[in-house]
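Biologist: I would like to learn how to read a model of this kind, one feature at a time. Could you take me through it slowly?

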Amino acid sequence: MKDLRKLCIHTITTKPWSIEEAAEHYATMGVGGITVWRDALEGRKISQVGDMLRKHQLDIVSLCRGGFFPAVSAQKRQAAIEDNKKAIEEAAALGAPLIVLVCGAEPAQSLATSRKQIREGIEALIPYAESHQVKLAIEPLHPMYAGDRSAVNSLSQANDMAEMIDSPWVGIAVDVYHLWWDDTLHSEIMRCGRNNHLFAFHICDWKVPTEDMLLDRGLMGEGCINIPEIRGWVEEAGFEGYHEVEIFSKRYWQMDQQVFLTKIKEAYIQYS
Ligand code: ZN
């Protein structure tokens, strides 16, 4: 039977829990890793949260999230870079080796212009990322978010960008929810692995029908994504890291979170 050592859960998945509650329950269930969303750190001393997570034997996989680089005004783009520097400081204080980037998109300009600004924003951060020993992962988002959340909408675009940036500090987060539909996914995952750019792997499922563009993600096995097939591809590409369960769901947030956590464990074992 599949063990839970490679299972990581994003704190946003069990959003009703504080990070202290999440850590205790994840650890009790034998979950190996945790990805921390920045909102979970509010009002806390970040280095102490890191100590608390390590005390629970949880591997801190990444911090979510940085990004949102594009803007029409240069001043706003600079403000985004400053916020990303703050995220890098938070990741370093927490002991997280990686920040996931939701890159952003500005509806008042072309996607190509937004992509150029994303690349420039990431490049501006590299010295800061390196001095704090924190890597950055570009997460391509499903094209339904191209209007305002990300101008990077396929693994091919993310690969192009990471290759252009060409830094050991910048790679890619592959999320099945955003990329499952792509008929070039297998070859692009191989390309990502060949370049040592495959930094993270996120899982959940695409429900049919999806009732909310943002907050109706499904539990593994509940939708139409062939997760074991894609997991096989990332492993074929040399990825040995965590399988990160990232589910935003109004429906699941209303459920008793302990019951939900048990469902996550069962779905992970059976459908991923
Ligand atoms: Zn993701």
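Biologist: How are the donor residues of the zinc ion spaced in sequence?

Modeller: Bear in mind throughout that this is a predicted model. A spacing pattern gives each donor by its letter and the number of residues in between, and here the donor residues of the zinc ion follow E-x35-D-x26-H-x43-E. The protein donors are E139 (OE), D175 (OD), H202 (ND1) and E246 (OE), which lie 2.0 to 2.2 Å from the zinc ion. Because D175 belongs to strand β6 (residues 170-175) while E246 sits in the loop between β8 (243-245) and α9 (250-253), this pair ties together parts that are 71 residues apart in sequence. Both D175 and E246 are buried.

Biologist: Why is the arrangement of the four donor atoms around the zinc ion irregular?

Modeller: Four donors count as tetrahedral if all angles lie between 85 and 135 degrees. The angles subtended by the four donor atoms here run from 85 to 165 degrees, so the arrangement is irregular.

Biologist: Is T13 buried or exposed, and which residues does T13 touch?

Modeller: Burial is read from relative accessibility, with buried meaning under 20%. T13 has 0% relative accessibility and therefore counts as buried, and its place is the loop between β1 (7-10) and α1 (19-29). Leaving aside residues up to four places away in sequence, T13 touches V245, E246, I247, W253, Q257, F260 and I264. Two of these residues appear elsewhere in our reading: E246 is a donor of the zinc ion, and W253 has K15 over the face of its ring, at 4.9 Å from the ring centre.

Biologist: Which residues have the most contacts inside the largest nonpolar core?

Modeller: The largest nonpolar core has 81 residues, and those with the most contacts inside it are L53, L94, I122 and I138. A second, separate core has eleven residues, among them W37, C64, A173 and F199.

Biologist: How many aromatic pairs does a search of the whole structure find?

Modeller: The search finds five aromatic pairs. In one of them, W180 and W206 are tilted, with 5.9 Å centre to centre and 50 degrees between the planes. W180, at 29% relative accessibility, counts as partly exposed, whereas W206, at 15%, counts as buried. By contrast, the rings of F201 and F239 have planes at 65 degrees and centres 6.4 Å apart, so that pair is edge-to-face. F201 lies in strand β7 and F239 in the loop between α8 and β8, so the pair links distant parts of the chain, 38 residues apart.

How values were computed: Residues are numbered from 1 along each chain as its sequence is written. This is a predicted model: local features need pLDDT of at least 70, side-chain atom pairs count only at pLDDT 80 or more; totals for chains, interfaces and linings use all residues. Side-chain values use heavy atoms; hydrogens and water are left out. Donors are N, O and S atoms within 2.8 Å of the metal (3.2 Å for Na, K and Ca); water is not among the atoms, so sites may look incomplete. Four donors count as tetrahedral if all angles lie between 85 and 135 degrees; four count as square planar and six as octahedral if opposite donors are over 155 degrees apart and all others between 65 and 115; anything else is irregular. Helices (H or I, at least four residues) and strands (E, at least two) are DSSP runs, numbered from the N terminus. Buried means under 20% relative accessible area, exposed over 50%, partly exposed in between (1.4 Å probe, protein chains only). Contact means heavy atoms within 4.5 Å. A nonpolar core is a set of buried Ala, Val, Leu, Ile, Met, Phe, Trp, Tyr and Cys residues joined through side-chain atoms within 4.5 Å. Rings of Phe, Tyr and Trp (its six-membered ring) pair if their centres lie within 6.5 Å; planes under 30 degrees apart count as stacked, over 60 as edge-to-face and the rest as tilted. A charge sits over a ring if NZ of Lys or CZ of Arg is within 6 Å of the ring centre and within 35 degrees of the ring normal.
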